[in-house]
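Reader: I'd like a close look at a single part of this one, please. Could you walk me through the contact between the two chains?

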Amino acid sequence: MGSLELTQGVVNAILLSGTLALVAIGFSIVWGILNIINIAHGAFIMLGAYVTYWLFTLFGIDPFLSIPLSMITLFIVGYVIQRYLINLVIRAPLLVTFLLTFALEIVIINLATFFWKGDLRSVTPAYSGAGFTIGAVQIPYVRLGAFAISLLLTGLLHVFLTYTKTGNAIRATGMDIDAARLQGVKIAQSYALTFALGSALAGAAGSLISISFPIDPTMGGAYTLRAFLICVLGGLGSIPGVMLGALLYAFIEVFSGIYAPGLKDAIALFVLVFVLIVRPTGIAGKAFYH
Amino acid sequence: MLKIENLNAGYGDVQVLWDVNMEINEGEVVALVGSNGAGKTTLLYTISGLIKPKSGSIKFLGQEIAGLPSEDIVNLGISQVPQGRRLFAGMTVKENIMMGAYHRNDKEKIKEDFDFVLELFPRMKERLNQAAGSLSGGEQQMCAVARGLMAAPKLLMIDELSLGLAPLVVETIYEAIERVIARGATVLIVEQDVLLALEQANRAYVLDVGKVILSGSSQELMDNPMIKEVYMGI
Ligand SMILES: Nc1ncnc2c1ncn2[C@@H]1O[C@H](COP(=O)(O)OP(=O)(O)OP(=O)(O)O)[C@@H](O)[C@H]1O
Ligand SMILES: [Mg+2]
């Protein structure tokens with residue numbers, strides 16, 4: 001393998017890490033604050049992808065422009081699901097919410113398959129295959145755009161959690177729920193908002209994914225697994241942790257694709273075990289929302 | 001100001017408080033003492049709405065608050081410095097202190113109160129941007145008291161402030177609290193260290209296995225032979 005291939009691989013990995021960070025960040029805050037491992041996270045990503053697909057296919061709306069709509073849709077879906085379904089078992093052990101979100105995933109995928117069929121679909125704006133080159137390294141516009149938007153949304157989430165009163169209440173809830181209640185935080189509201197935000201970010205990730213990759217109703221499962229691995233790799237509970245985890249995972253994915261196609265997941269799990277042995281709390285350690 | 005009548009409360013099937021009666025008047029400093037596991041924290045949690053009472057009444061400024069959600073109770077003016085401090089470890093000192101004012105919207109008054117608590121605890125001023133989890137025990141307690149004060153409470157409840165702290169640090173913090181009391185605050189002080197609590201308070205209640213077994217002025221309790229023997233080891 002030549003140095004060009006290597007450089008291209010590095011660039012691809014970095015670009016991919018942005019989208020993967022966005023895939024994992026919503027999963028991470030829901031896990032960190034609500035202590036729920038949301039198996040349906042990938043299904044929310046799939047829904048976001050379909051929002052963008054339908055808006056593009058039916059109305060010709062540019063996929064990048066449909067991201068806010070995808071986020072709003074998933075925000076509402078997430079809020080309602082948390083408030084009226086997950087809230088019923090909120091203090092339940094991890095296994096109960098695990099099963100509940102697992103069931104939710106199956107329902108969402110079934111409904112999507114029923115209404116939209118199982119076909120692979122693609123969002124293909126005019127600039128789909130276009131890009132530019134630096135030296136001989138190719139940079140597709142859509143990947144660069146996805147990278148930039150992922151960083152932007154991740155940054156906005158950070159600003160929201162750190163600098164707003166509501167964001168601080170969410171972090172406080174994740175750190176000590178009773179202490180948060182003693183300050184007057186309405187926990188049910190904090191939880192619903194967090195879950196809705198996590199879902200909205202999943203929606204954005206789905207929109208971005210739909211621009212670069214074909215989509216179908218079962219696409220989400222692979223992303224739930226990625227989100228999980230990234231959170232454990234990076235360390236639960238911090239945005240920098242998720243970004244580090246996503247970067248590492250993107251390199252594993254891209255380079256195992258070059259050197260050992262088909263072994264991607266095995267290698268990822270191997271690295272995961274290695275990281276956990278060396279640093280049980282993940283690369284960045286356990287941080288701010290826990 | 002606060003009137004508790006025949007309060008019964010506990011955790012699930014385990015009843016901890018039995019027919020507790022207690023009263024706190026405006027401007028008073030009242031101590032609640034009792035040994036390990038007597039139910040002091042449980043009583044404070046019930047007043048704050050973290051635990052729903054089984055029966056009985058808690059009236060605050062004439063309004064029944066038993067069973068209200070905790071956010072309503074903070075809103076009405078009861079704040080608590082909980083046992084073990086319960087700071088938000090990953091948040092900065094400033095963020096922790098400001099969480100105390102979470103339910104308030106009076107921006108200017110909040111700023112005033114913020115300046116006041118920093119003046120009470122100058123040490124906090126130097127640590128504002130440090131993670132609360134990285135503070136020493138004494139500093140954490142200062143931060144917790146500062147957070148409790150930021151609620152601008154009509155009634156402030158402080159649970160086991162002295163636990164695990166060096167006497168000198170405890171004294172520093174109580175001096176700050178005395179300044180707050182001098183401004184007319186109403187305070188409920190919970191301590192296992194009976195002498196320490198009685199020194200601060202006008203009146204006191206003694207809780208034993210979930211029941212109020214004794215109450216009276218601090219002086220009366222200090223002179224009480226049973227208290228001397230059981231709680232002060234004299
Ligand atoms: N979450 C809980 N679930 C069940 N029982 C509890 C719980 N918390 C406390 N208890 C029990 O309730 C009783 C009273 O505890 P509480 O913490 O109110 O006592 P305390 O007077 O505050 O003691 P300390 O001085 O040690 O803080 C104890 O027997 C304790 O074991
Ligand atoms: Mg206690």
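How many salt bridges are there between chain B and chain A?

Author: Sure, with the ground rules up front. This is a predicted model, so local features need pLDDT of at least 70, side-chain atom pairs count only at pLDDT 80 or more, and totals for chains, interfaces and linings use all residues. Residues are numbered from 1 along each chain as its sequence is written, chains are lettered from A and ligands numbered from 1 in the order in which they are written, and side-chain values use heavy atoms, with hydrogens and water left out.

On to your question: the count between chain B and chain A is 2 salt bridges (a side-chain nitrogen of Lys or Arg within 4 Å of a carboxyl oxygen of Asp or Glu). In one of them, B:Arg86 pairs with A:Asp176 at 2.6 Å, N to O. From chain B, α2 (70-76) and α3 (93-99) each bring at least two residues to the side that touches chain A (helices here are DSSP runs of H or I, at least four residues). The largest share of that side, 3 residues, comes from α2(B). By type, its residues split into 9 nonpolar, 8 polar and 5 charged.

Zooming out, 22 residues of chain B and 18 residues of chain A take part in the contact (heavy atoms within 4.5 Å). Together the chains bury about 1900 Å², with 60% of it from carbon and sulfur atoms (buried area is the accessible area, 1.4 Å probe, that two parts lose on being put together, summed over both). B:Leu50, B:Phe88 and B:Tyr102 give 32% of what chain B buries against chain A, more than any other three residues.

Technical notes: Nonpolar A, V, L, I, M, F, W, Y, C, P; charged D, E, K, R; others polar.
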